[in-house]
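User: Hello! I am new to this structure and would like a close look at a single part of it, explained step by step.

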Amino acid sequence: MKTDTAVLSLRGISKNFGAVAALTDVDLDVSAGQVVAIVGDNGAGKSTLVKVLAGVHRPDTGTITFAGRAATIDSPAAAHALGIATVFQDLALCENLNVVENLFLGREIRRSRLDEVAMETRSWELLRQLSAKIPTVRIPVASLSGGQRQTVAIARSLLGDPKIIILDEPTAALGVEQTAEVLNLIERLRERGLGVLMISHNMEDVRAVADRVVVLRLGRNNGVFDAAEVSTEDLVAAITGAADNVATRRERERNNR
């Protein structure tokens, strides 16, 4: 359920670390039911932007608007309360714990005692919403594939009923089948009406699921593209700042065949 009204809007966001300008006047919009990909080279500012939205770093200048209201994200708790959930690249899962224990770690359901039945029921509800391929919620996370671990991390982020989910390199180091599984998860999130901000180096994954692609270069906006229309050549040129390189030449050769 895609809408034209932005749930999350950033305007003029800047962040400096001493003399290093990590972000400079960055603008960004994410709407409900929309997947926005952030791409850029190493050092482009992607990680800093994620940490600003996750409440790890507070921006030096600029404004953040969430659901039409001015917002301040000065801590991870503030981001969660606002409705922003972040799944970092390392996933932060405990491999010795099972799926239920990972989902509810630190926010267990208790009545007179730990309510294992309620947590298992809720775990299955979350996994079914994502059409997850996990045989049992009592399996240790260490036994799961990379795609299944991403599923658990994304399901955990849904516990707080967020409106925006940030996925930091969700397909990094995954095989073909596991990557397809994660891309299907992103489609499920879009279908649920959530805004998804996806950080990725993989142009094929980006073009497969994103609605818009935002390019960062040296901490600044360097283009916003319709994912259905932009070519890999144009994206690489925006990312590198050079229109003539191996990737763009290969793209031209393929198009000329």
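Which strands does helix 6 lie across, and at about how many degrees to strand 8 does helix 6 run? Please take me through the surroundings too.

Analyst: Happy to help! One thing to keep in mind is that this is a predicted model.

Let's begin with your helix. Helix 6 lies across strand 3 (35-39), strand 7 and strand 8, and runs at about 150 degrees to strand 8. Helix 6 covers residues 176-191, and with five residues it gives the most to the largest nonpolar core. That core has 47 residues, and those touching the most other members are Val99, Leu167, Ile186 and Leu189.

Now for the strands beneath your question. Strands 3, 7 and 8 belong to an open sheet of six strands, whose order is 6-7-8-3-9-10 and whose pairing is mixed. At the edges are strand 6 and strand 10 (220-226), each of which pairs on one side only. On average, neighbouring strands of the sheet are turned by 20 degrees against each other, direction ignored.

It helps to walk along the sheet from strand 6. Strand 6 (residues 84-87) pairs with strand 7 (residues 164-168) in the parallel sense, over four bridges. One detail of this pairing is that Thr86 has Ile166 of strand 7 as its bridge partner. Strand 6 is covered on both faces: Ile84 and Thr86 are buried on one side, and Ala85 and Val87 are buried on the other.

The next step takes us from strand 7 to strand 8 (residues 195-199), and these two also pair in the parallel sense, over five bridges. Here Ile164 stands opposite Gly195 of strand 8.

A good residue for tying these pieces together is Leu167. Setting aside neighbours within four places in sequence, Leu167 is in contact with Val87, Ile154, Ile186, Leu189, Val196, Leu197, Met198 and Ile199. Another core, of 28 residues, lies apart from the largest one, and its members include Val30, Ile38, Ile64 and Ala71.

Lys46 is also worth a visit. Lys46 sits in helix 1 (residues 46-53) and is buried, with a relative accessible area of 7%. Not counting residues up to four places away in sequence, Lys46 touches Ile38, Val39, Gly40, Asp41, Glu169, Ile199, His201 and Leu216.

Let's finish with another helix for company. Helix 4 (residues 116-129) has 14 residues and spans 20 Å from its first C-alpha to its last, close to the 20 Å expected at 1.5 Å a residue. Its buried residues include Met119, Ser123, Leu126 and Leu127. Seen down the axis of helix 4, the buried residues fall within an arc of 95 degrees, so they line one face of the helix. Those buried residues pack against helix 3 (99-103) and helix 5 (146-157). Val117 and Arg128, on the other side of helix 4, are exposed. After helix 4 comes Ser131, which has a positive phi, near 50 degrees.

To come back to your starting point, helix 6 lies across strand 3, strand 7 and strand 8, and gives five residues to the largest nonpolar core.

Key: Residues numbered from 1 in each chain as written. Predicted model: local features only at pLDDT ≥ 70, side-chain atom pairs only at ≥ 80, totals over all residues. Heavy atoms only, no water. Expected span 1.5 Å × (residues − 1). Buried < 20%, exposed > 50% of the residue type's maximum accessible area, 1.4 Å probe, protein only. Arc of directions from axis to C-beta. Contact = heavy atoms within 4.5 Å. Core = buried A, V, L, I, M, F, W, Y, C linked by side-chain atoms within 4.5 Å. Pairing = 2+ DSSP bridges. Axes fitted to C-alpha atoms, helices over the stretch in contact; angles between N-to-C directions.
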